[in-house]
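Work through the exercises below with the sequence and the structure in view. Try each task before reading its solution.

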Amino acid sequence: MLLQCQRCGYQWDYKGNADWYTSCPRCRTSVKVQRRKEKKPQE
Ligand SMILES: [Zn+2]
């Protein structure tokens, strides 16, 4: 999935399996992993 660092703006294709956070390969800050789930939020 494509992630974007909120700190430096770097984008990369994340292929790891962390559930919530990973580290930006450029600046090493914590970046949220936003997994797309099949469940849709209730409206
Ligand atoms: Zn970054």
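**Exercise 1. List the contacts of Arg-26, then place this residue in the chain.**

Solution. The structure is a predicted model.

Step 1. Once neighbours within four places in sequence are set aside, Arg-26 is in contact with Cys-5, Cys-8 and Tyr-10.

Step 2. Arg-26 belongs to the loop between β3 (21–23) and β4 (30–32).

Step 3. Take the pair Arg-26 and Cys-8: they are 18 residues apart along the chain, and their C-alpha atoms are separated by 8.0 Å.

Step 4. Arg-26 has 13 C-beta neighbours inside 10 Å. A residue is exposed at 12 or fewer and buried at 20 or more, so Arg-26 counts as partly exposed.

**Exercise 2. Decide whether Cys-5 is buried or exposed, and find what it contacts.**

Solution.

Step 1. Locate Cys-5 in the loop between β1 and β2.

Step 2. Count its C-beta neighbours inside 10 Å: there are 20, so Cys-5 counts as buried.

Step 3. Leave out the neighbours within four places in sequence; Cys-5 is then in contact with Tyr-10, Cys-24, Arg-26, Cys-27, Thr-29 and Val-31.

Step 4. Cys-5 and Ser-30 are 25 residues apart in sequence, and their C-alpha atoms are 8.1 Å apart in space.

**Exercise 3. Describe the surroundings of Cys-8.**

Solution.

Step 1. Cys-8 is placed in the loop between β1 and β2.

Step 2. Within 10 Å there are 13 other C-beta atoms, so Cys-8 is partly exposed.

Step 3. Not counting residues up to four places away in sequence, Cys-8 touches Cys-24, Arg-26 and Cys-27.

Step 4. From Cys-8 to Arg-28 the C-alpha distance is 9.9 Å, with their positions 20 residues apart in sequence.

**Exercise 4. State what the phi of Arg-28 is, and compare it with the general rule.**

Solution.

Step 1. Arg-28 sits in the loop between β3 and β4.

Step 2. Its phi is positive, about 65 degrees, although Arg-28 is not a glycine.

Step 3. Most residues other than glycine have a negative phi.

Step 4. Arg-28 has 11 C-beta neighbours inside 10 Å and therefore counts as exposed.

**Exercise 5. Place Arg-35 and say whether this residue is buried or exposed.**

Solution.

Step 1. Arg-35 is found in the segment after β4.

Step 2. With 10 C-beta neighbours inside 10 Å, Arg-35 counts as exposed.

Step 3. Between Arg-35 and Met-1 there is a separation of 34 residues in sequence, while the C-alpha atoms are 8.1 Å apart in space.

**Exercise 6. Describe the chain as a whole: how many helices and strands are there, and what share of residues is buried?**

Solution.

Step 1. The chain has four strands and zero helices. Along the sequence, the pattern reads β-β-β-β.

Step 2. Of the 43 residues in the chain, 5% are buried.

Step 3. Among contacts with a separation of 6 or more, 12% join residues 24 or more positions apart.

**Exercise 7. Find the average pLDDT of the chain, and the elements with the lowest and highest mean pLDDT.**

Solution.

Step 1. The average pLDDT of the chain is 87, and 81% of the residues score at least 70.

Step 2. Among the elements, strand β1 (residues 2–4) has the lowest mean, 93, and strand β2 (residues 11–13) has the highest, 95.

Step 3. Where pLDDT is low, the predicted coordinates should not be read in detail.

Terms used:
Residues are numbered from 1 along each chain as its sequence is written. This is a predicted model: local features need pLDDT of at least 70, side-chain atom pairs count only at pLDDT 80 or more; totals for chains, interfaces and linings use all residues. Helices (H or I, at least four residues) and strands (E, at least two) are DSSP runs, numbered from the N terminus. Two residues are in contact if their C-beta atoms, placed from the backbone, lie within 7 Å. pLDDT is the predictor's confidence in each residue, from 0 to 100.
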